Each structure stands twice: as C-alpha cells, then as structure tokens.
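Welcome, and thanks for taking a look at this one with us. Please have the sequence and the 3D view open side by side as you read.

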Amino acid sequence: METKNAGIAIKAVSAVVPSEVVENTAYIGKYDKRKVTMQLKVTGIRNRHLSFGKQEGKDLCLQAAKRLIQELDIDRQKIKVLIFVSQTTGMVTPSTAFWIHHELGLGMDSLAFDINLGCSGFVEGLSVAASLLEGQEKGTKALLLNGDTLSQYVDEDDFATCMMFGDGGTATLIEAGGPYDFFCLHNTQSSGYDKLMIENPQSRLYMDGMSVFNFTINDVAAQIQNVRSICDRKVDFYLLHQAQQYIVRNLMELCSLEEEKVLTGYENYGNVSGASIPLTICDHAERFRHDRDYQLLVSGFGVGLSYASAYIMMEKPVIFSVEM
C-alpha cells in the first residue's frame, strides 16, 4: 500500500531511557565466554538500558513529551493528535494515550489513541499522524509517542534473545503546513505473525530468528529498494529499525546505502522496538545541529510481520540528546 500526505514535517524529537545499564559482557559466566563474545560480535549490542519494572513505556514517553513541550514552550492547545504506539501497555482500557493526554494537560479539541505495533511502529505512526494532520491549519501539531519495556518479557535463559532487547520511550513532534510531503510504502506479511510474539501477559518473548532474518533480507530489502525507485530523493540520513548489527549491515549492502549516512544506536541500547529509530536520532543529536532541513529515509520492520519505509522531512528540527 502506498500513501502520500502533503505539508507534513518532523519538528522535534526527544528520547528517554532507564538509567540502569546492563553490559552484555556480564553474561560471561552464565554462558560460555566464546558464545557471548561471538554473539556480541554478530549483534554489535554492547549495552542495554533496562527498567527492571520501575518504569513502563508510558512513563518514559511521558517524560520525553514533557521535556519537548516545556523546553520548546509549545502551546498545548495546538497539539490536536496524540498517538501512543506500544506493545507493552499496562492498561487494558481505556487506551494509555488518555492517561498521557491528561498528564500533559492537552485540550479537549484533540484526538488520542493507542496503536499496538512493534518494530514498524514509528514509521506507521508517522503515517497515521500525517494522514490526520493533512489539510489542518498550518501549525497544527501531533505528538507521536513510541515506548516499550520489552525486557520484562525476555527469558534470561534464552540465549538467542536475552542480550538483544532494551527499554525506552520517545516523543516526536509532527507539524502541518510546511512545503514538504510524506511518502510511505506499507506491507503486511501476516503468515509470519507467530515468528516474533508474546502470546499473553504471562508469556515470554519468542523469536524465530532465522525466519525474521530471511524476511528482513528479502522482503524488507525489496521494500526499501522499491520506495527509492518510486520516489528517488536526495537523502541526508538513513534510519533503519535497530534490530542488531548483522541485519542493519545486510540491509545497507543489499540496498546500496552509503555507510556514512546510516545512523545506528543498537550498540548502546539494543533493540528498543518502535522507539529504536527516534532514539537513534537523539543518540546522534549533534548531526542535526545545523540550522537547516534534513531529508530522511526511515524503515521499520518486525513483529507482525509488519514493515513500512518512508521519506520524511525534518524541518529545522530540534533534536534533544538522550535523557536518562
């Protein structure tokens, strides 16, 4: 599915991670040193920030959103859309977005809701926000919040996943009325719904790593190549879902992405689900310090199996460094 929305741009991004850091070398002893060393070499994930049950995705997103609103002195009445994208919401009903909306003090003339999506959640969230903002008065804003604490579902006795996932929350400010458009390709491969899943709140995360890898190097790579052929634009940076080093590097090679333009954050945060792309943007805040616009190609892919790739403009953005 192809979508295009006019007059949409990212204005600011903020990210928060738990303060407690786990170094993956700490698994030496629990597992054979050679196995752990090889795992670190393949995945590239050195450290992860974990909440240990002290914070949920909603708490991290709320902190990120408050920082963004307060430091930029944003008129809360102009935030008309609040979207919370998460797989680890603690509330059954109502949507967690209503609690965040209340805590932020947003106005009644607005829309708030949750989306249950994982690794593709940032790109799909951008698309939903862009669709709602299109045609609105110039300066109308949306807050896209991506946050998960997947570590609570990780089985420490599963060597394949125990050193992969981290926790974090992000807030992205999107605005209507600019001279740019948003172009996105969406795909769903639901035959793989059971390849990466948490079956119920008492379950542990299950991942069929080989199936997910094959999906990535075949279907996701084809989608990225497709979006570039349909809408070829000059790109400042490529932001891929930060699954792990081996996947990111394979996509770089398969899609002929210039290495110097590919930003990564998996090294210090691991796989943070839908928050991984905006978190990586904040991890490279210094790359966005120049007073100009930036064209991004973003691609999110994973649980579902869902994948989406898009061109999005950042209009003289304010990018906050990662907060703990």
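What follows is a short tour by topic, from a covered strand to the nonpolar cores.

The model is predicted. Strand β6 is a good place to start, with 9 of its 9 residues buried. From there the tour goes on to unusual backbone geometry, a buried polar residue, aromatic pairs and two nonpolar cores.

**Strand β6 and its partners**

- Strand β6 covers residues 141-149, and it is mostly covered.
- In a regular strand, side chains alternate between the two faces of the sheet.
- On one side of β6 sit K141, L143, L145, G147 and T149, all of them buried.
- The other side of β6 carries A142, L144, N146 and D148, and these are buried too.
- Strand β4 (residues 79-85) pairs with β6 in the parallel sense, over 6 bridges. Within this pairing, I83 stands opposite L144.
- Strand β7 (residues 167-188) pairs with β6 in the antiparallel sense, over 9 bridges. Here G147 of β6 stands opposite G169 of β7.

**Backbone geometry worth checking**

- Most residues other than glycine have a negative phi, and most peptide bonds are trans.
- The peptide bond from T93 to P94 is cis, with omega near 0°. P94 belongs to the loop between β4 and α3 (96-104).
- G304 and L305 are also joined by a cis peptide bond, with omega about 0°. L305 is in the loop between β12 (294-302) and β13 (306-319).
- F52 is not a glycine, yet its phi is positive, at about 50°. Its place is the loop between β3 (47-49) and α2 (57-72).
- D73 likewise has a positive phi, near 50°, without being a glycine. D73 lies in the loop between α2 and β4.
- Is D73 buried or exposed? With a relative accessible area of 68%, which is over the 50% cut-off, D73 is exposed.

**A buried polar residue: N5**

- N5 is part of strand β1 (residues 2-16).
- N5 counts as buried because its relative accessibility is 5%, and the cut-off for buried is under 20%.
- Which side chain does N5 meet in a polar contact of 3.0 Å? The partner is the side chain of E134.
- Leaving out residues up to four places away in sequence, N5 touches S127, A130, S131, E134, Y180, D181 and F182.

**Aromatic pairs and charges over rings**

- The count of aromatic pairs comes to 7. One of them, Y31 with F159, is edge-to-face, at 4.9 Å centre to centre and 65° between the planes.
- This pair links distant parts of the chain, 128 residues apart: Y31 is in the loop between β2 (21-23) and α1 (33-43), and F159 is in the loop between β6 and β7. Both Y31 and F159 are buried.
- F215 and Y307 form an edge-to-face pair as well, with 5.0 Å between centres and 80° between the planes.
- F215 is in helix α5 (residues 209-230) and Y307 is in strand β13, so this pair ties together parts that are 92 residues apart in sequence.
- F215 counts as buried at 2% relative accessibility, and Y307 counts as buried at 8%.
- Y27, Y31 and F159 form one aromatic cluster. K35 lies over the face of F159, at 4.3 Å from the ring centre.
- Another charge sits over a ring at W99, where the charged end of K58 is 3.9 Å from the ring centre.

**Nonpolar cores**

- In soluble globular proteins, nonpolar side chains tend to be buried together.
- The largest nonpolar core has 46 residues, and L251 and F301 touch the most other members.
- Elements that each supply at least two residues of this core are α1, β7, α5, β10 (237-240), α6 (245-254), β12 and β13. The largest share, 7 residues, comes from α5.
- Setting aside neighbours within four places in sequence, L251 is in contact with T216, V220, A221, I224, L240, L257 and F301.
- Apart from this core lies another, of 41 residues, with A142, A176, V272 and V298 among them.

Technical notes: Residues numbered from 1 in each chain as written. Predicted model: local features only at pLDDT ≥ 70, side-chain atom pairs only at ≥ 80, totals over all residues. Heavy atoms only, no water. Buried < 20%, exposed > 50% of the residue type's maximum accessible area, 1.4 Å probe, protein only. Helix = DSSP H or I, 4+ residues; strand = E, 2+ residues; numbered from the N terminus. Pairing = 2+ DSSP bridges. Polar contact = N/O pair within 3.5 Å; in protein donor to acceptor, adjacent residues only side chain to side chain. Contact = heavy atoms within 4.5 Å. Phe/Tyr/Trp six-rings, centres within 6.5 Å; stacked < 30°, edge-to-face > 60°. Lys NZ or Arg CZ within 6 Å of the ring centre and 35° of its normal. Core = buried A, V, L, I, M, F, W, Y, C linked by side-chain atoms within 4.5 Å.
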